[in-house]
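Okay, everyone, thanks for coming. Let's put the structure up and walk through a few parts of it together.

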Amino acid sequence: MPNLVHIEHAPPSYVSGIGLYLHVPFCQTKCPYCDFNTYSGIEDQITGYVRSVQNELKGWGILLSHPPVRTIFLGGGTPSYLPTNDLENIHKTIQSSFKVVESAEITMECNPGDVTSDKAASWLASGVNRISMGVQSFDDGLLSLLGRRHTALEAKQAFRTLRAAGFLNQSIDLIYGLPYQSAEQWSDTLDGAIELKPDHISLYSLQIEKGTPLAVDVAVGKYPVPDDDLAADMYEEAQSRLAENGFQQYEISNWAKPGMESQHNLIYWLNEPYLGVGPGAHSWLSGQRFANLKSPRRYVTVVGNDYKIAGLDPVAAMQTPAGPVEQIDITTPAIDIAETMMMGMRLNKGVSYERFEQRFGVGLDIVFPKEVERLLRLGLVEITDNALMLSERGRLLGNEVFAEFIGDEDDS
Ligand code: SF4
């Protein structure tokens with residue numbers, strides 16, 4: 001258990017810049033494996049949603065005195081499913097409510113089924129400079145099993161259309177460890193990804209999430225339970241294939257061409273401040289973690305009207321009955337440290353001893369002496385360049401390592 005005596009709690013300030021996440025809860029169709037806060041068939045809410053996020057953005061801009069924004073991430077859901085004029089209006093409100101730095105990375109998640117040359121031009125014109133495309137597989141049978149609304153060929157065409165339109169920073173997401181997925185199919189999907197020459201690749205192993213249609217299908221035996229050993233082999237295959245093709249792994253699930261790492265996700269992994277806007281969006285700001293009203297309908301009902309935003313504490317000001325914030329989590333030094341470790345250890349470069357001490361006023365070796373010693377003994381971590389990082393073996397057993405850093409308030 002960590003030694004958390006006498007730790008300063010100085011969460012990073014939002015004044016020096018934040019990441020801004022905007023949650024779009026709409027999808028044209030709902031994929032059977034997905035448990036995100038997203039819905040199909042609620043398009044009647046889009047107009048109210050756009051008005052509400054604009055209200056919320058303006059409110060935060062005033063309360064936080066228009067802080068600098070270093071990255072913007074439009075996620076969901078399917079932001080590319082929103083009408084382009086709505087996206088343009090949202091971007092304009094972001095620009096007028098915050099100081100978006102000139103070099104800001106502005107990412108939009110995109111479904112290949114939505115891409116046309118005209119839309120790509122409009123997204124670029126509204127300021128998006130990075131696309132994260134949910135491809136998932138280049139096998140049509142597996143795409144159908146996943147309930148995706150695009151084929152492998154359409155995904156390739158969409159990627160090329162975006163490139164031709166001028167997107168110079170494109171990421172693709174793939175999923176492995178699927179029911180019936182063979183090693184050969186995975187290898188072919190990796191070939192398909194490498195051939196497109198993306199700038200960034202995210203790989204996720206399929207998680208069977210409780211309550212999803214896929215979980216039901218697996219429970220009743222329609223689909224086999226995914227094979228963890230085969231999934232681990234697929235991960236290792238991806239590691240070597242991507243390295244051979246010039247991608248550098250910088251996080252457990254992420255690879256990039258040099259200099260093309262996701263700046264927005266780095267904010268999460270470095271446990272730096274971010275603001276989430278939209279239904280169910282989470283924030284870490286001003287030393288507090290909090291979440292917005294989850295239901296899109298409720299969010300629109302509450303935030304779609306003008307609401308009072310006065311108060312000394314910005315988060316409390318947004319948690320009135322007429323504000324978007326629904327839940328504020330208690331944050332303590334122990335929680336901040338545990339989260340800094342859990343997220344930082346996902347990065348290949350690990351957690352820097354120097355950075356840790358600057359942030360918490362005490363050395364990592366003082367807080368976690370026994371934990372680090374045990375993990376070193378088990379060969380799950382290593383210390384290089386004054387940073388604690390996962391070893392090759394530790395990367396396959398990440399959860400075991402992260403658990404070591406989860407403290408207990410009573411320890412202090
Ligand atoms: S498109 Fe993405 S967010 Fe929407 S249902 Fe499918 S996986 Fe979920």
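Before we look at any helices, one cut-off we'll need: an angle under 35 degrees between two axes counts as roughly parallel. And keep in mind that this is a predicted model.

So, first helix pair. Helix H6, residues 183-196, packs against helix H8, residues 228-244, at an angle of about 30 degrees. Their axes are 10 Å apart. With the cut-off I just gave, H6 and H8 are therefore roughly parallel to each other. The crossing of H6 past H8 is right-handed.

Who's touching whom there? On the H6 side we have Ala183, Trp186, Ser187, Leu190 and Ile194, and they meet Asp233, Met234, Glu237, Ala238 and Arg241 in H8. Sorted by class, that contact comes out at 6 nonpolar, 1 polar and 3 charged residues.

Next pair. Here it's helix H1, residues 46-63, with helix H10, residues 296-303. What's the angle between H1 and H10? About 60 degrees, and the axes are 9 Å apart. That makes H1 oblique to H10. H1 goes past H10 in a left-handed crossing.

If you want to find the contact on the screen, look in H1 for Gly48, Tyr49, Ser52, Asn55 and Glu56. They meet Pro296, Tyr299, Val300 and Val303 in H10. The class count for this contact of H1 with H10 is 5 nonpolar, 3 polar and 1 charged residues.

Okay, over to a sheet. A quick reminder: strands in a sheet pair through backbone hydrogen bonds, either parallel or antiparallel. Ours is an open sheet of 3 strands, in the order E13-E15-E14, and the pairing is antiparallel. Which strands are at the edges? That's E13, at 351-352, and E14, at 381-384; each has a single partner strand, so one side of each is left without a neighbour in the sheet. Zooming in on E13, 2 bridges join that strand to E15, residues 387-390. In one of the pairings, Val351 has Leu388 in E15 as its bridge partner.

Last stop, the ligand. Which residues are around it? Going along the chain, we have Cys27, Lys30, Cys31, Cys34, Phe36 and Thr38, then Gly76, Gly77 and Thr78, and then Asn111 and Gly134. By class, that shell has 4 nonpolar, 6 polar and 1 charged residues.

That's my tour. Happy to rotate to any of these spots if you'd like another look.

Definitions and conventions. Residues are numbered from 1 along each chain as its sequence is written. This is a predicted model: local features need pLDDT of at least 70, side-chain atom pairs count only at pLDDT 80 or more; totals for chains, interfaces and linings use all residues. A residue is near a molecule or strand if its C-beta atom, placed from the backbone, lies within 6 Å of it. Ala, Val, Leu, Ile, Met, Phe, Trp, Tyr, Cys and Pro count as nonpolar, Asp, Glu, Lys and Arg as charged, and the others, Gly among them, as polar. Two strands pair if DSSP finds at least two bridges between them. Helices (H or I, at least four residues) and strands (E, at least two) are DSSP runs, numbered from the N terminus. Axes are lines fitted to C-alpha atoms, for helices over the stretch in contact, and angles run from 0 to 180 degrees between N-to-C directions. Angles under 35 degrees count as roughly parallel, over 145 as roughly antiparallel, 65 to 115 as roughly perpendicular and the rest as oblique. A crossing is left-handed if the near helix is turned anticlockwise from the far one by less than a right angle, and right-handed if clockwise. Two residues are in contact if their C-beta atoms, placed from the backbone, lie within 7 Å.
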